[in-house]
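Ready for some practice in reading a protein structure? Take a look at the sequence and the model, then work through the exercises at your own pace.

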Amino acid sequence: MAKKELKAKVKALKAKLKAVASAVEAPVVEAVAEIAAKVKKAKPVSPLAPAAFPALPQIAGVEFAAVEAGIKYQNRKDVMLVRLAPGTAMAGVFTRSTTRSACVRDCQAKLALKVPADAGAAIVVNSGNSNAFTGRVGDESVAAVTNGVAEALGIPATRVFSSSTGVIGEPLPYRKITDKTAELAANLREDAIEMAAHAMMTTDTFPKGAAATVEVDGGSVQIAGIAKGSGMIAPDMATMLVYIFTDAKISQTNLQKLLSRNTDDTFNAITVDSDTSTSDTLLLAATGKSAAAELKGAHLKAFEAALRGVMMDLAHQVIRDGEGATKFVEIRVTGAASNPDAHKIAMAIANSPLVKTAIAGQDPNWGRIVAAIGKSGAEADRDRLSIRFGDILVAQNGWRNPDYREEDGAAYMQQPELVIAVDMGLGKSKRSVWTCDLTNRYIEINADYRS
């Protein structure tokens, strides 16, 4: 074979080999890119998360369902429905934001109405879109969704309460929800509360649940609650949604009193980033299906204590899932001149970016705590206040404790759960609030939130 002809054949073979390699390589490259994209979108579970979702009791008269509607998220459930038995009493507290969502305003209006005798009720929640700042279109979307659920369940639309969480300012694609109402109604069951908790997650890394049992006259009363919340958390009642269910026999008036009375020390005592959501909603439903007698006197007090425990547990789980959080922090203020001052001081420390980034860096920079106290607007006396990290006395009498060692403070800051205690030395008022650190991950999540 001539040398020229041989070279031509070799060249042709090389061309074929390259074509084959390209044909094989293209799908491989595409597959790798797809895997990389999924890895990028994957949310690592918070290191502060509970080991598992708790075993919650089934509440008589409460059923759950969830579906994939594709509102924003793909291949995951993003709409959940709760059906509540006839005779259920409802109570609620909501964001005080002046730009609150259409859902919040609708829920507030419905809770103020007289309840039809033996009317059932329902709660419908979607994630991926908050239906906030969407004008009249938002109101129409709420009406369409609640009317659709009412028709599917055969209950008055005035007894259907809706919530939406996600991006602000974009019209809710409500038909994606109304197209699924029949499917939701058909799949309702008492043991699906965990599935409902998953369906309302946005930037959450784990579903949140808590429960309690109270022994009263005639039997036991069960309480079970679920929540979502991770960022935009500084409730003023965060994208925070909470739904608590009980089989207790209790009047709507008492139910609302208990809920309102225990909100300030639980959900209003947490902050991730000092931003209050347009959509914060906390609904409490009592079906009255327990065999126990109607709650009164000491038993009502016992129920309130258990309810408070569930609310506190859920509130703390929201902080444990704070966007990018690696530290769970209690800010404990004592000795303040007044209750409002105690609250101002605690929140000033908890919301300080300088304090929160120092905690993230495990830096015992107590000077930032002093600065936060000073900017709070509360009464303070330099020579009376003291600061502690856990049991470590850091500063007192207007200056650093002579026995304090920086290495002790640094070692304490390495723990995942911290207590920063401040005593003002001015009075008897106190306040505890809970927060988390501020890490690079928080910036990553929120810089990429709408993409």
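The exercises below concern a predicted model, and each task is followed by a worked solution.

**Exercise 1. Two helices that cross**

Describe how helix α2 (residues 102-111) and helix α3 (residues 135-153) are placed relative to each other.

*Solution.*
Step 1: Packed helices are described by the angle between their axes and the distance between those axes.
Step 2: For α2 and α3, the axes come within 9 Å and cross at roughly 60°.
Step 3: Angles from 65 to 115 degrees count as roughly perpendicular and those under 35 degrees as roughly parallel, so α2 and α3 are oblique to each other.
Step 4: The crossing of α2 past α3 is right-handed.
Step 5: Now find the residues that meet. From α2 come A102, C103, R105, D106 and K110, and from α3 come G138, D139, V142 and T146. Sorted by class, this contact has 3 nonpolar, 2 polar and 4 charged residues.

**Exercise 2. The other end of α3**

Decide whether A152 is buried, partly exposed or exposed, and find its contacts.

*Solution.*
Step 1: A152 belongs to helix α3.
Step 2: The relative accessible area of A152 is 37%. Buried means under 20% and exposed means over 50%, so A152 is partly exposed.
Step 3: Leaving out residues up to four places away in sequence, A152 touches T181 and A185.
Step 4: A152 and T178 are 26 residues apart in sequence, and their C-alpha atoms are 9.7 Å apart in space.

**Exercise 3. From one leucine to a helix pair**

Start at L258, work out whether it is buried or exposed, and then follow its contacts to a packed helix.

*Solution.*
Step 1: L258 sits in helix α7 (residues 252-263).
Step 2: With a relative accessible area of 3%, L258 falls under the 20% cut-off, so it is buried.
Step 3: Not counting residues up to four places away in sequence, L258 touches I250, L300, F303, E304 and L307.
Step 4: Among the residues that α8 brings to its contact with α7 are L300, F303, E304 and L307. The side of α7 in this contact includes L258, L259 and N262.
Step 5: The axes of α7 and α8 are 10 Å apart, and the packing angle is about 45°. The two helices are therefore oblique to each other, and their crossing is right-handed.
Step 6: The contact of α7 with α8 divides into 6 nonpolar, 3 polar and 3 charged residues.

**Exercise 4. Inside the largest core**

Which residues touch the most other members of the largest nonpolar core?

*Solution.*
Step 1: This core has 75 residues, and those with the most contacts to other members are I244, F303, I331, I349, I369 and F389.
Step 2: Helix α8 (residues 297-320) supplies the largest share of this core, 11 residues.
Step 3: Pick I369 as an example. Leaving aside neighbours within four places in sequence, I369 is in contact with I349, V355, I387, F389, I420 and V422.
Step 4: Another core, of 31 residues, lies apart from the largest one; F64, A121, I123 and F245 are among its members.

**Exercise 5. Positive phi angles**

Where in the chain do Q362 and N397 lie?

*Solution.*
Step 1: Q362 is in the loop between α10 (353-360) and α11 (367-375). Although Q362 is not a glycine, its phi is positive, about 55°.
Step 2: At 33% relative accessibility, Q362 counts as partly exposed.
Step 3: N397 is in the loop between β12 (392-396) and β13 (399-400). N397 is not a glycine either, and has a positive phi of about 55°.

Definitions and conventions:
Residues numbered from 1 in each chain as written. Predicted model: local features only at pLDDT ≥ 70, side-chain atom pairs only at ≥ 80, totals over all residues. Heavy atoms only, no water. Axes fitted to C-alpha atoms, helices over the stretch in contact; angles between N-to-C directions. Helix = DSSP H or I, 4+ residues; strand = E, 2+ residues; numbered from the N terminus. Parallel < 35°, antiparallel > 145°, perpendicular 65-115°, else oblique. Left-handed = near helix turned anticlockwise from the far one by under 90°. Contact = heavy atoms within 4.5 Å. Nonpolar A, V, L, I, M, F, W, Y, C, P; charged D, E, K, R; others polar. Core = buried A, V, L, I, M, F, W, Y, C linked by side-chain atoms within 4.5 Å. Buried < 20%, exposed > 50% of the residue type's maximum accessible area, 1.4 Å probe, protein only.
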